[in-house]
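Got a few minutes to walk through a protein model? Have the sequence and the 3D view open side by side, and let's start from the outside and work inwards.

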Amino acid sequence: MGRQYRLAEQTIDEDDLQDLIAWLKTNPWLTQGELVHEFERQWAEWLSVRYTTFVNSGSSANLLMYDALLLSGKLTNKKIVLPAVSWSTSVAPAIQLGFEPILCEADEHTFGLDLDCLERLLQAHHPGAVLIVHTLGVPNDMEPLLGLKDRFGFILMEDACAAIGSRYDNQLVGTFGDVSTFSFYYGHHLSTIEGGMICTHDEAIHDIFVQIRSHGWGKDLSTEKSETRARKNNILAFNRPFTFYYPGYNLRSTDLNARIGLSQMKKIDYVVRRRIENHNIYQSRFQSATSFHCQRNDRASICSIAFVALAQSQSQRERIAQVLRKNHIETRPLGGGNMSRQPFWANCYESTAFPVADRIHETAFQLPNHPRLSPEDIQFICDTVLSVTTA
């Protein structure tokens, strides 16, 4: 078998593993401890946010994001607008936690929220929150979106799980919303094996995050805050460490995962640069190919986890997939496509026809992008796909 071009390659390399092995030989603390806090600190500094909370996956980060907003009392109602093109665990917490979810059509360029559709939904429903997903790393159109936020006053939830290092008008995604999430899964920009981060500038929401991450107890708050809460609730001093203020979860990560994360932080700028370079090659090749449609945002620097394009038909996509397999190039659909066509949604609500989301559902295909692929590799992948005619 010849060279394999995988959609995702492990970002944990030999240096990371040797660092981890050397650390493990010191018989260190392994569960959540000081290294988790140090990883949170370094991530907050790199992203330029005030507060970060490390959890065991990006999906868990999304779940806590939803629940913390409910518990905060900051939502005006439980209606929430969600992108039709997203991921199951971006949408599922709305169902699990009793929100009133409303799907929004996808934008034909970014594949994020279509802002005309969003404005109509805002006028009709006045939702308390809007979730955006920077699809595969391509930012939404943030300036007009923030204009709608100013007009309608919703809480903005920003799923940047697949968009580490992407920028809109030179501002990193994950810093626009009231809360944001990132993923450190195996196939993403950085990896802690499994892991996720929740980010916010809001101290009160952050305090909820650290409590519901760990069972709902208050002992991960500062000493002053923990003592204040205990006095307010007349908690016996001996019982304070195991007093639960919220119905929480156990979604903590570990110092072992954080140690890998700290090692990954040393190369984050290199990883971001290489992914942007590869994405730019894809974009220049496909934008000049009339038989394909691809994502774009001219005000963005796109650090993608994969490049996605739309074929002109399902049959063309099938022919592309065959040619890619023949050349050992991995491909897949774009996430869940139109989420309303997924069984978990259709079992609760009606499926909705969205022309753009449906086209993405039926014709989208992903192409590999990661730092181990050279510019020559990207050109070869482009040549392979662009050789497939529309006939």
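What follows goes from the overall fold to the surface and then to a cavity inside.

Keep in mind that this is a predicted model. The protein has 14 helices and 13 strands. Its radius of gyration is 22 Å, close to the 21 Å that the globule rule gives for 391 residues, so the protein is as compact as a globular protein of that length. If you lay the C-alpha trace along its principal axes, it spans about 75 × 60 × 40 Å.

Now for how the chain packs. Of the 391 residues, 56% are buried, meaning under 20% relative accessible area. Take the contacts with a separation of 6 or more: 74% of them are between residues 24 or more positions apart. On the outside, the protein exposes about 16800 Å², and carbon and sulfur atoms supply 50% of that area.

What about gaps inside? Rolling a probe the size of a water molecule over the atoms shows where empty space is left. Counting cavities of 30 Å³ or more gives one, and the largest cavity has a volume of about 40 Å³.

Which residues line the largest cavity? They are Val49, Gly174, Thr175, Gly177, Asp178, Val179, Ser180, Cys199, Thr200 and His201. Strand E8 (179-183) supplies at least two residues of this lining, and so does strand E9 (196-200). By character, the lining residues divide into three nonpolar, six polar and one charged.

Technical notes
Residues are numbered from 1 along each chain as its sequence is written. This is a predicted model: local features need pLDDT of at least 70, side-chain atom pairs count only at pLDDT 80 or more; totals for chains, interfaces and linings use all residues. Side-chain values use heavy atoms; hydrogens and water are left out. On a 1 Å grid over the protein atoms alone, a cavity is a set of points where a 1.4 Å probe fits but cannot get out, and a pocket is an open set with protein on both sides within 12 Å along at least five of seven lines; lining residues have an atom within 4 Å of a point. Grid points are joined across faces, edges and corners, and a volume is the space filled by probe spheres set on the points. Helices (H or I, at least four residues) and strands (E, at least two) are DSSP runs, numbered from the N terminus. Ala, Val, Leu, Ile, Met, Phe, Trp, Tyr, Cys and Pro count as nonpolar, Asp, Glu, Lys and Arg as charged, and the others, Gly among them, as polar. The radius of gyration is taken over C-alpha atoms; the globule rule is 2.2 Å times the number of residues to the power 0.38. Buried means under 20% relative accessible area, exposed over 50%, partly exposed in between (1.4 Å probe, protein chains only). Contact means heavy atoms within 4.5 Å. Accessible areas come from the Shrake-Rupley method with a 1.4 Å probe; for residues, only the protein chains shown count as cover.
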